Amino acid sequence: DKQSRGEFACRCSGHDGGIAPLSNPGSYCILSCHVLQESLLSSASGYRNYRGILNWCVVMLVLSNARLFLENLIKYGILVDPIQVVSLFLKDPYSWPALCLVIVSNVFIMAALYTERRLSVGTISETTGTFLHFVNLTTLLCFPSATVLTLTSMTPVGGVFALGVFTILFLKLYSYKDVNMWCREIRHSNARPSVARSNGSAVHAHVSYPGNLTHRDIYYFVLAPTLCYELNFPRSPRIRKSFLLRRLFEMVRSTWMVPTIQNSMKPFQDMDFSRMMERMLKLAVPNHLIWLIFFYWFFHSSMNFVAELLQFGDREFYRDWWNSETVTYFWSNWNIPVHKWCLRHFYQPIMRRGVSKWVARTAVFLLSAFFHEYLVSVPLKMFRLWAFMGMMAQIPLAWFVSRFLRGNYGNAAVWISLIIGQPVAVLMYFHDYYVLHYVPQS
């Protein structure tokens, strides 16, 4: 096509710059060597392969943190005592209260399964079944918190671990209750109990109610990386050993940076606002990096590892929250399992009762704020409501960002709220915990 526009071309590597016939297209170029195109770094170019730049960011991050590590090592020496690290989890090496609590959680799983089996055959009414589920779920939240508050051998880290497991189990069993109730509502009068294998079986056969009410099925759901129950989860055809080993390697190699915040106590005690701001900004970057490492370790490496091991097919554990231009978009996309649960079992049921969207969203934030405070205040054995107020502050922040900021400005506002907001909450809780346990009371 280009040859039809002329008989002459310029020699690509000639010394005289002369003109010659286009006898060898592989050695010549066309006279016109320019086309209408954008620079690669322009958004209009459509270019998306920034792998080299991402690798550069990783190299720069490693080098900068290596320098900081060596500087701190030379200046302060080794500050982390392995015995102190173990003491975060255990006060008494012969006492494992958090693990004992997790083992006790099997009682609540069996109670939920037993109730559903009785409901499926009609030996108890729907009202009685709802009451039994209510008692089971309420006890599921109250019993571990009472245990954490009363046991002196329970460390804050162990308490967070135990309450985290019970909170996840609460959300799972609530979904288990709802889905089985929906199955009873839509079951036809001539339906027969299914004898197909349940979710946990190696043979991925179709399951219908009440054939799902088995120990294998409910324990598969408890271990699966999801909070929303289904009778037939999407299943991957096989376990990819290379993928499994990569995720395991990522989980093991993830290192944690612990910022020093003890020297932040004096500005807080003296109410020196300039020094408080300096301490907060100093903690912002390492705290944010810890959060990002945790996100990748948990939502990508760990959850993909469990999903691959269980052949769980739905791997959408997060979406592109880093592109969030509104606060609402961030909270809807950074934790997909929780978002799906809130949408399916809380937001939509409220909306079906004729409640406005604004009230329903506020109710979702209230529920999230409760669990955030539950997972922080109970293990620390002090109630300050900083996490609760931080979550509720997202409501006016979401309104402000969506109303006045757009595009990159909205995305920058979301990032600033993540980088600055978390260190403020950390400092508040650490200050109160430090004053409560280490400052002599007059």
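Among contacts in the protein chain of this predicted model between residues at least 6 apart in sequence, 67% join residues at least 24 apart. With the whole chain displayed, the viewer shows 16 helices and 3 strands. Of its 442 residues, 35% count as buried.

**Stop 1: helices H3 and H6**

Select residues 97-104, which form helix H3, together with residues 156-186, which form helix H6. Two packed helices are described by the angle between their axes and the distance between the axes. For H3 and H6 the angle is about 10° and the axes are 9 Å apart. H3 is therefore roughly parallel to H6, the angle being under 35 degrees.

Next, display the side chains at this contact. H3 contributes Ala-98, Leu-101 and Val-102, which meet Gly-158, Phe-161, Ala-162, Val-165 and Phe-166 of H6. Sorted by class, the contact of H3 with H6 holds 7 nonpolar residues, 1 polar residue and no charged ones.

**Stop 2: helices H6 and H12**

Keep H6 selected and add helix H12, residues 336-352. Here the packing angle is about 50°, and the axes are 11 Å apart. H6 and H12 are therefore oblique to each other. The crossing of H6 past H12 is left-handed. On the H6 side, the contact is made by Leu-171, Tyr-174, Ser-175, Asp-178, Val-179 and Trp-182, and on the H12 side by Trp-341, Arg-344 and His-345. The residues of the contact of H6 with H12 comprise 5 nonpolar, 2 polar and 2 charged.

**Stop 3: the cysteines**

Remain on the chain and select Cys-342. Which cysteine sulfur is closest to that of Cys-342? The closest lies in Cys-228, at 8.9 Å, too far for a bond. The reasoning rests on a cut-off: a disulfide requires a pair of cysteine sulfur atoms within 2.5 Å. By this rule, the count of disulfides comes to 0. Cys-342 counts as buried because its relative accessibility is 14%. Then select Cys-142, which counts as partly exposed at 45% relative accessibility.

**Stop 4: Arg-247 and Asn-304**

Move to Arg-247 in helix H8, residues 241-253. Is Arg-247 buried or exposed? Arg-247 is buried, with a relative accessible area of 7%. Setting aside neighbours within four places in sequence, Arg-247 is in contact with His-300, Ser-301, Asn-304 and Phe-305.

Follow this contact to Asn-304, which is placed in helix H10, residues 273-310. Asn-304 counts as buried at 6% relative accessibility. Not counting residues up to four places away in sequence, Asn-304 touches Phe-243, Arg-247, Phe-299, Arg-315 and Phe-317.

**Stop 5: Pro-423**

Select Pro-423, found in helix H16, residues 407-438. Its relative accessibility is 1%, so Pro-423 counts as buried. Which residues does Pro-423 contact, leaving aside neighbours within four places in sequence? They are Met-280, Leu-283, Ala-284, Asn-287 and Leu-418. Draw a distance between the C-alpha atoms of Pro-423 and Val-285: the separation is 8.9 Å, although the two residues are 138 residues apart along the chain.

**Stop 6: backbone geometry in the loops**

Most residues other than glycine have a negative phi, and most peptide bonds are trans. The last selections concern departures from these patterns.

Begin with the loop between H6 and helix H7 (215-223), where Pro-210 lies. A cis peptide bond joins Tyr-209 and Pro-210, with omega at about 0°.

Proceed to Gln-311, placed in the loop between H10 and helix H11 (327-333). Gln-311 is not a glycine, yet its phi is positive, at about 55°. Gln-311 is also buried, with a relative accessible area of 15%.

Finish at Lys-381, in the loop between helix H13 (357-380) and helix H14 (386-392). Phi of Lys-381 is likewise positive, near 60°, in a residue other than glycine. Is Lys-381 buried or partly exposed? With a relative accessible area of 31%, Lys-381 is partly exposed.

Methods
Residues numbered from 1 in each chain as written. Predicted model: local features only at pLDDT ≥ 70, side-chain atom pairs only at ≥ 80, totals over all residues. Heavy atoms only, no water. Axes fitted to C-alpha atoms, helices over the stretch in contact; angles between N-to-C directions. Helix = DSSP H or I, 4+ residues; strand = E, 2+ residues; numbered from the N terminus. Parallel < 35°, antiparallel > 145°, perpendicular 65-115°, else oblique. Left-handed = near helix turned anticlockwise from the far one by under 90°. Contact = heavy atoms within 4.5 Å. Nonpolar A, V, L, I, M, F, W, Y, C, P; charged D, E, K, R; others polar. Buried < 20%, exposed > 50% of the residue type's maximum accessible area, 1.4 Å probe, protein only.
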